[in-house]
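These are my notes on helix packing, enclosed space and a few backbone details, written down in the order in which I looked them up.

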Amino acid sequence: MARRGAAALALALALLAVTPAGVGAQGAAVEDPDDDVQETWSLEPSYARPESEPEPFSPPLPAGPGAGERGPRPPQPRPPKKATTKPKKAPKREKLAPPGCPPLGLETLKITDFQLHASTSKRYGLGAHRGRLNIQAGINENDFYDGAWCAGRNDLHQWIEVDARRLTKFTGVITQGRNSLWLSDWVTSYKVMVSNDSHTWVTVKNGSGDMIFEGNSEKEIPVLNELPVPMVARYIRINPQSWFDNGSICMRMEILGCPLPDPNNYYHRRNEMTTTDDLDFKHHNYKEMRQLMKVVNEMCPNITRIYNIGKSHQGLKLYAVEISDHPGEHEVGEPEFHYIAGAHGNEVLGRELMLLLMQFLCQEYLAGNLRIVRLVEETRIHILPSLNPDGYEKAYEGGSELGGWSLGRWTHDGIDINNNFPDLNTLLWEAEDRQNIPRKVPNHYIAIPEWFLSENATVAVETRAVIAWMEKIPFVLGGNLQGGELVVAYPYDMVRSLWKTQEHTPTPDDHVFRWLAYSYASTHRLMTDARRRVCHTEDFQKEDGTVNGASWHTVAGSLNDFSYLHTNCFELSIYVGCDKYPHESELPEEWENNRESLIVFMEQVHRGIKGLVRDVHGKGIPNAVISVEGVNHDIRTASDGDYWRLLNPGEYVVTAKAEGFTSSTKNCMVGYDMGATQCDFTLSKTNLARIREIMEKFGKQPVSLPARRLKLRGRKRRQRG
């Protein structure tokens, strides 16, 4: 397909490489709204070859028949350069960006379980396949899902190795201890060995002796060690030399390496993922994110608008981009959709996918892609890529491999935004369970408790900003992108039964939510792949890559539940990858994994029924209630009287009612074709409302008979007394 806008966008991104003098430090607390300072953007991948680099060392190629079948012959062995001194132990390194080559993919699962081997293991759940950076243990740390590789014995002969399946230039190793709530196990030092045949091993040396790399001092913070000289080989092995005194040999790891070109290897050429989209595949800090938004806005000024919904705790603006054919205004009859990313600042993949989506929609609209043109012209799309920019800046400083599992997850004041919303579930369920209820319990638009609105409540400013945003705009459908798993979770996220941590807890719209979740999962390249390895401990294939949030783990005050019970919006959590913060070399493949899903999910906003609720004079009635027979959850009309009700295909009995008007009921049919069914209502005023109108017009109030009777009775009592 033609890409008329792609070249222009690439040119605009390249122009950003010119940086004016006097650029301030990134992530300043308070930002000038008119600040157009542009930071330097490097279009070269971060793992490109540096100007000068030690020549790689390679172990000898195995001799004998078939030796050449492993690929092209590596360079002749070269001994590493002699150091002026001969230290036996490598100094402990500070946290810094991973050097040169990207990760091989233990954390992202590009390295399969069959490529990991170990000398021994305590049990299956602590086998070599569990020795992946940032892997999480199950709650019970059972025989299947534990939090590291642990050797079966504690001695110097234990090892864990990776088969790269091709010649690779290894440059570094990142290690962690065992993820466990109860035990403290980690390796404090180790050797590194490489091989071309897994039989003859060469130990990495520092001078004339074997190099001892310093490992971890606790179990969660990743520690990076660079090899003194890059090593070219197929296999790499880690040999622990010492470990925590009161623990065992246990470790998680990632290997840094650059696979060497191998045109004769069909297996790798067949499985390499490429993209034809000309987008900016890199990680963007706060200022770069803002500049990219400006570039997209300048490329597509007629369909985009940049605005902010508030500020973070540190004063960074929470920027959003609106994409619509009439940006800045709500069009009657046009549904509103949103994507939110970055509620957890260290779950970076969602943030970058949102920035890529902005660029893609702009380019494809300019190129005349009919599908995208239709989507933009019939939908008002809002994209909020970074809800927690303070947390992201912390994660960004640590880098994609060295931030661990939680650095930057919370806001600056230590709040988890994802479950910082008011718990409306309990209010609803307690009211439903009470006996002798004087009036029917509302099943929607449940009010926020007063305590939550007080200044002393433990509520993040980012949370308050999102609530105000969602109350202002009549969103119909939304997705919040998260990381660390590969699944779509739908509400409820909170269990109804007391004292349970997991229990299937469906909403009245469970069938609709299941469809919405499946629409994303089924079009993702990996979510529904039955051959896919689980990220950590949960296998979501029994529900095709989807899960009811409460049946996974209960969360009170989630964005999904709040959105469903307080607004019209159906919200789902989309977990887009096992690796929360993948290396930027992985971004093109992650974009290909999610691109179709992101578009298909937006298109679901046009499924169900829509229409206008008006009075007999044709004026829209705001706040009218739309009820569907058999579904105990209502929605309401927007300020212009328009509404959208997500429903699966079928025939429904729908009722519209509003205060002061007689209700109206219709049969509305929802088909299988994309596009909501038009279902309009005209309501006439009740007799009482008409009387009140007439009386108010002439300066009189209608008589309230019950109040009149009480007044007369009181007067008679006083006369008797």
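**Entry 1: α3 and α4.** I began with helix α3 (residues 286-299) in this predicted model, and I found that α3 packs with α4 at an angle of about 15°, the two axes being 10 Å apart. Because angles under 35 degrees count as roughly parallel, I noted α3 as roughly parallel to α4. The crossing in which α3 passes α4 is left-handed. I then listed the residues that meet: from α3 they are Y286, M289, L292, M293, V296 and M299, and from α4 they are R351, L355, M358, Q359, C362 and L366. Sorted by class, this contact of α3 with α4 holds 10 nonpolar residues, 1 polar and 1 charged.

**Entry 2: α4 and α5.** I next followed helix α4 (residues 348-366) to helix α5 (residues 370-378), where the axes come within 8 Å and cross at roughly 110°. Since the range from 65 to 115 degrees counts as roughly perpendicular, I recorded α4 as roughly perpendicular to α5. The crossing of α4 and α5 is left-handed. On the α4 side the contact is made by F360, L361, E364 and Y365, and on the α5 side by I372, V373, V376 and E377. I counted the classes here as 6 nonpolar and 2 charged residues, with no polar residue in the contact of α4 with α5.

**Entry 3: α9 and α12.** I then looked up helix α9 (residues 461-472), which packs with α12 at an angle of about 35°, with 11 Å between the axes. For α9 and α12 I wrote down a right-handed crossing. V466, I467, M470 and E471 of α9 make the contact with L559, F562, S563 and H566 of α12. The contact of α9 with α12 divides into 5 nonpolar, 2 polar and 1 charged residue.

**Entry 4: the second largest pocket.** Which elements give two or more residues to the lining of the second largest pocket? I first noted its volume, about 1,300 Å³, and that 44 residues line this pocket, those closest to its centre being Q136, I139, W405, W552 and H553. The elements I was asking about are β16 (485-490), α11 (549-552), α12 (559-566) and β18 (570-577), so that α12 came up again after its packing with α9, now as one of the contributors to the lining. By class I have 11 nonpolar, 23 polar and 10 charged residues in this lining.

**Entry 5: cavities.** How many cavities of 30 Å³ or more does the structure hold? I found 8 of them, and the largest cavity has a volume of about 90 Å³. Its lining consists of 14 residues, of which N346, S400, G403, G404 and Y581 are the closest to the centre. The classes in the lining of the largest cavity are 4 nonpolar, 6 polar and 4 charged.

**Entry 6: backbone details.** I closed with two local checks on the backbone. The peptide bond from P491 to Y492 is cis, with omega near 5°, and I placed Y492 in the loop between β16 and α10 (510-521); β16 is also one of the elements I had listed for the pocket lining. The other entry is N134, which has a positive phi of about 70° although N134 is not a glycine, and which I located in the loop between β1 (116-118) and β2 (149-150).

Conventions: Residues are numbered from 1 along each chain as its sequence is written. This is a predicted model: local features need pLDDT of at least 70, side-chain atom pairs count only at pLDDT 80 or more; totals for chains, interfaces and linings use all residues. Side-chain values use heavy atoms; hydrogens and water are left out. Axes are lines fitted to C-alpha atoms, for helices over the stretch in contact, and angles run from 0 to 180 degrees between N-to-C directions. Helices (H or I, at least four residues) and strands (E, at least two) are DSSP runs, numbered from the N terminus. Angles under 35 degrees count as roughly parallel, over 145 as roughly antiparallel, 65 to 115 as roughly perpendicular and the rest as oblique. A crossing is left-handed if the near helix is turned anticlockwise from the far one by less than a right angle, and right-handed if clockwise. Contact means heavy atoms within 4.5 Å. Ala, Val, Leu, Ile, Met, Phe, Trp, Tyr, Cys and Pro count as nonpolar, Asp, Glu, Lys and Arg as charged, and the others, Gly among them, as polar. On a 1 Å grid over the protein atoms alone, a cavity is a set of points where a 1.4 Å probe fits but cannot get out, and a pocket is an open set with protein on both sides within 12 Å along at least five of seven lines; lining residues have an atom within 4 Å of a point. Grid points are joined across faces, edges and corners, and a volume is the space filled by probe spheres set on the points.
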